[in-house]
Amino acid sequence: MLKVLLADDEAKVLRHLQTAIPWLQLGLEIAGTAQTGAEALSLARRLPVDVVITDIRMPGMDGLALCQKLREQNPRTQLIILSGYQDFAYAKKAIELQVLGYCLKPIDTGDLIGLLRAAVRSALQSKASDGDALLDLIEDGAPHEVRAAFRELGLCSAGVHVAASVGVHNIEKPLAAQLSYKLGKHKYLYFSSRPFDRAAAERIIAYAEGRGGIGMPPEPCGFERLNGAVENALAMAFQFFVSGRPTLCGSLVAGPLADEAFARLESASQHPGQLKALLEELTHADCSLIFNIQSAFVFCNRVAACPAFGGAAEHGERMLYGFEQLAADHENLSCLLQSLAAEISPAALPRPEPAPSGASGSFLPILRYLEENYEKDLSLKKIAEHFHLNACYVSQLIRGETGLTYTQYVTELRINKAKELLKTTSLSLAEISEAVGFNDYFYFIKKFKKEVGVTPGKYLP
């Protein structure tokens, strides 16, 4: 929801603006009102504001002076001027200040709504551009470049507070975040030069429905460590997957029984019966006392790599690639452990035979399906179910024909599609990320850099 600031020295005009415009339908929310230019400037410095509607004639600092100050403070603020004076000099100055529009009083509501629609489009495009540049810099930029980018966006401090959310909505204002960026479906990243409102976060989680979490490290982070801080905040936001309920997480500390669980896994790694019994036991345990999301992720991948699991992980088909996959494929950690246990036979599982050299008959339909559905959830399990095949067989088939694991093949396919979109469209990086099947924008940037050698923002077709 974009934020609007209204400035006019006439109280009746402010009341008219508040009631006559369908703000919510336009995707807008009134952040504050002011009756002087100085008051409006003070509010704009304290509140995240995307659009400012201001009268020209106000006591003290007039509307044009206010626009000048706002433009210096944040060049991306959308500015609309109201005036009862048909004076070309005002219009000329407004044009110099790159004001979006100029409305004469008495206000024509239809004209103002048209300007507000334009302001929303411009602000959203600006935010998308900011997000592309900022996240690209966080991944690949020098600390002084990252600091300069935050300063340009209005965060002038030695460090920055970072938070992330998954599955909870419209929390930017309650958290008192100054910047927010959408990373994927129901996933957001927040920045502020001041501490977030933890009490508000606790209330949000207490009343949250369904699955969701907020990651909120308590201390600010220096710009040289911001990449890691973002990764940690995002990981913390997925702690709900371990606890099985909406969770506010401020640190990722391994549970007191984590070492014991890993030691028991090592002992059972060669014995299917022991491994199955361990997983079934953990299914009924309070996993939040044993794991955090990071240690749970490592634990499940080690299970998949165990010889007692059938050696299937040798070809990568049961290996997990991110927290997003955990939450997408399973309700919670207990359900994932139960699924892993169900795949283990009490007797040692035989290794599947290598895919026959003439397996192209099976490979081509799978390849065609992946080419046509790369933007969807393409977990190996779902692909195998779709074609009524064994997951291990599909994995070996892909590896035999391409030399890549299934995950590597799908990642390469999506990266190549992303490169095509970078060449042929003007979509934002966030839109491209979603269009090619990466549900996490920040993860997309990292994978793109790993595969191509540069981040998407620096890619030159």
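**Entry 1: a proline in a loop**

I started at Pro-106, which sits in the loop between β5 (101–104) and α5 (109–140). I'm working on a predicted model, so I keep that in mind throughout. Looking at the bond before this proline, I found that Lys-105 and Pro-106 are joined by a cis peptide bond, with omega about 0°. Lys-105 turned up again when I looked at charges: Asp-8, Glu-10, Asp-55 and Lys-105 are linked in a network of salt bridges.

**Entry 2: positive phi**

Next I looked up two residues that aren't glycine but still have a positive phi. Asn-170 has phi near 55°. I found Asn-170 in the loop between β6 (159–166) and α7 (172–175). Is Asn-170 buried or exposed? Asn-170 is exposed, at 68% relative accessible area.

On the other side of that helix, Ala-176 has phi near 65°. Ala-176 belongs to the loop between α7 and β7 (179–184). I noted Ala-176 as partly exposed, with 37% relative accessibility.

**Entry 3: cysteines**

How many disulfides does the structure hold? I got 0. A reminder to myself: a disulfide is a covalent bond between the sulfur atoms of two cysteines. Why no bond for Cys-300? The closest cysteine sulfur, in Cys-287, is 8.7 Å from the sulfur of Cys-300, and that is too far, because a disulfide needs the two sulfurs within 2.5 Å. I also checked burial: Cys-300 is buried at 2% relative accessibility, and Cys-103 is buried too, at 6%.

**Entry 4: salt bridges**

I counted 11 salt bridges in the structure. Here are some I looked at, one by one.

Lys-173 pairs with Glu-29, and their closest N and O atoms are 3.2 Å apart. Lys-173 is in helix α7 and Glu-29 in strand β2 (residues 28–34), so this pair links distant parts of the chain, 144 residues apart. Glu-29 is partly exposed, at 24% relative accessibility.

Glu-139 and Lys-449 also meet in a salt bridge, at 4.0 Å from N to O. Which parts does this pair tie together? Glu-139 lies in helix α5 and Lys-449 in helix α21 (residues 441–452), so the pair ties together parts 310 residues apart in sequence. I wrote down Glu-139 as buried, at 13% relative accessibility, and Lys-449 as partly exposed, at 26%.

My last pair was Arg-225 with Glu-224, a salt bridge of 3.9 Å from N to O. Glu-224 is exposed, with a relative accessible area of 53%.

Notes. Residues numbered from 1 in each chain as written. Predicted model: local features only at pLDDT ≥ 70, side-chain atom pairs only at ≥ 80, totals over all residues. Heavy atoms only, no water. Helix = DSSP H or I, 4+ residues; strand = E, 2+ residues; numbered from the N terminus. Buried < 20%, exposed > 50% of the residue type's maximum accessible area, 1.4 Å probe, protein only. Salt bridge = Lys/Arg side-chain N within 4 Å of Asp/Glu carboxyl O.
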